[in-house]
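Welcome to this tour! Keep your viewer open and your selection tool ready, and we will walk through the model one stop at a time.

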Amino acid sequence: MKNTFVNFEGKVCLVTGAGSPTGIGFAAAKILAGLGGRVALIATTERIYDRAAELTAGGADAKGYIADLMDREQVSRVVAEIAADFGTIHVLINNAGMVQTGVAEEDLTPIVDMAYENWDDSLNRNLNIPFNVTKCVLPYMISQNYGRIVNVSSVTGPVVSNPGEASYSAAKAAIVGMSRALAIEVGRHNITVNNVLPGWIGTASQTEAEAAGGFNTPMKRSADASEVANAIVFLASEEASYITGESLVVDGGNTIQEYKGPSELYY
């Protein structure tokens, strides 16, 4: 009998976008490692080696890798390297996107004024990255007749949006559509594909406005990264074996509330 409800012993788990010590990616990696998973972490800078060292210090089998996942040659190289180091890949957490160290934040220009290259860059960063990595990982999952893919999308795009976020919204909504199609394609291989849609998350990159948005949710706070990571880990587990093509919103109830005016006038 297993000691925990979910268990990742013997599973090789690849987590992208895991460089930030306060981010969702590393929070998921820590939980996976704590549940017995062997963890490969990818980011764009050398800080990924610090994250891997934190996991190995706790007794985990973990290794960090540097790659620009918008570059398909680098994706092919790093996935092959991970598979060679660990033997295969059972779990893929597509978390990379949105913010990249050393790169400017998303362009919040309205469509009428948006440069074509900014639109293309946002789709490349937020949609092509999970596509690129998934395409390279799938052959390993198909060959072993097992896999779990969890894409970190967002409520922005699939559920709600904001002015100036057309490209980001388009990319995040497209991830959900891609996941549904892929779930149908690979279900026969015992591979599931699901999405987690975070709302306001209290990471190191959260802005003052985003923190205020978190305060105005029914929970009256932003989520901790680990609260999103727990949802990711469940969908990545063996126990989530009959859930596929789905999207789990983790937003403290923000998108279910109809009234969004001053609380003193209603609730």
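Our first stop is a helix and its surroundings. What covers the buried residues of H7? Among the elements that do so are H1, E4, E5, E6 and E7. Select helix H7, residues 225-235, and colour its buried residues: Ala225, Val228, Ala229, Ala231, Ile232, Val233 and Leu235. Before you move on, please note that you are looking at a predicted model.

**The sheet**

Next, show the strands as a cartoon. Seven strands form an open sheet, and reading across it you meet them in the order E3-E2-E1-E4-E5-E6-E7, with parallel pairing. At the edges are strand E3 (62-66) and strand E7 (247-250), each of which pairs on one side only. On average, neighbouring strands of this sheet are turned by 15° against each other, with direction ignored. As a piece of background, strands of a sheet pair through backbone hydrogen bonds, either parallel or antiparallel.

**Walking across the strands**

Now select strand E1 (residues 12-16) together with strand E4 (residues 91-94). These two run parallel and are joined by three bridges. Find Val15 and look for its bridge partner in E4, which is Ile93. Stay on Ile93 and look towards E5: there, the bridge partner of Ile93 is Val150. E4 and E5 run parallel too, with four bridges joining them.

Take one more step, from E5 to E6. Six bridges join this parallel pair. To see one of them, select Val152 and its bridge partner in E6, Val196.

**A closer look at E5**

Is E5 enclosed or open to the outside? Six of its six residues are buried, so E5 is largely enclosed by the rest of the structure. Turn on the side chains and compare directions. Gly147, Ile149 and Asn151 point one way, while Arg148, Val150 and Val152 point the other way, and all of them are buried. This fits a general pattern: in a regular strand the side chains alternate between the two faces of the sheet.

**Helices lying across the sheet**

Keep the sheet visible and add helix H2 (residues 47-57). H2 lies across strand E2 (38-43) and E3, and runs at about 175° to E3. Then add helix H4 (residues 116-144), which lies across E1, E4, E5 and strand E6 (191-198). Relative to E4, H4 runs at about 175°.

**A buried lysine**

Now select Lys172, which you will find in helix H5. Is Lys172 buried or exposed? Its relative accessible area is 4%, so Lys172 is buried. Show what surrounds it: setting aside neighbours within four places in sequence, Lys172 is in contact with Asn126, Val152, Ser153, Ser154, Thr156 and Pro158. You have already met Val152 as the bridge partner of Val196.

**Two backbone spots to check**

Here is some background for this stop: most residues other than glycine have a negative phi. Select Asn145, in the loop between H4 and E5. Phi of Asn145 is near 55°, a positive value in a residue other than glycine. With 40% relative accessibility, Asn145 counts as partly exposed.

Then jump to Lys220, in the loop between helix H6 (208-215) and H7. Here phi is also positive, near 60°. Lys220 counts as partly exposed because its relative accessibility is 43%.

**Out on the surface**

Switch to a surface view and select Val159, Val160 and Val249, which make a nonpolar surface patch of about 190 Å². Val159 sits in the loop between strand E5 (147-152) and helix H5 (166-186). At 42% relative accessibility, Val159 counts as partly exposed.

Next comes Gly34, in helix H1 (residues 24-34). Gly34 counts as exposed, with 66% relative accessibility. Try the distance tool between the C-alpha atoms of Gly34 and Ala240: they are separated by 18 Å, and the two residues are 206 apart along the chain.

**Last stop**

Where is Tyr266? Look in the segment after E7. Tyr266 counts as exposed, at 59% relative accessibility. For a final distance, pick the C-alpha atoms of Tyr266 and Ser167: these residues are 99 apart along the chain, and the separation is 34 Å.

Definitions and conventions
Residues numbered from 1 in each chain as written. Predicted model: local features only at pLDDT ≥ 70, side-chain atom pairs only at ≥ 80, totals over all residues. Heavy atoms only, no water. Patch = residues over 30% accessible without salt bridge, like charges linked within 9 Å, V, L, I, M, F, W, Y side chains within 5 Å. Areas by Shrake-Rupley, 256 points an atom, 1.4 Å probe, with all protein chains shown as cover. Salt bridge = Lys/Arg side-chain N within 4 Å of Asp/Glu carboxyl O. Buried < 20%, exposed > 50% of the residue type's maximum accessible area, 1.4 Å probe, protein only. Pairing = 2+ DSSP bridges. Axes fitted to C-alpha atoms, helices over the stretch in contact; angles between N-to-C directions. Contact = heavy atoms within 4.5 Å.
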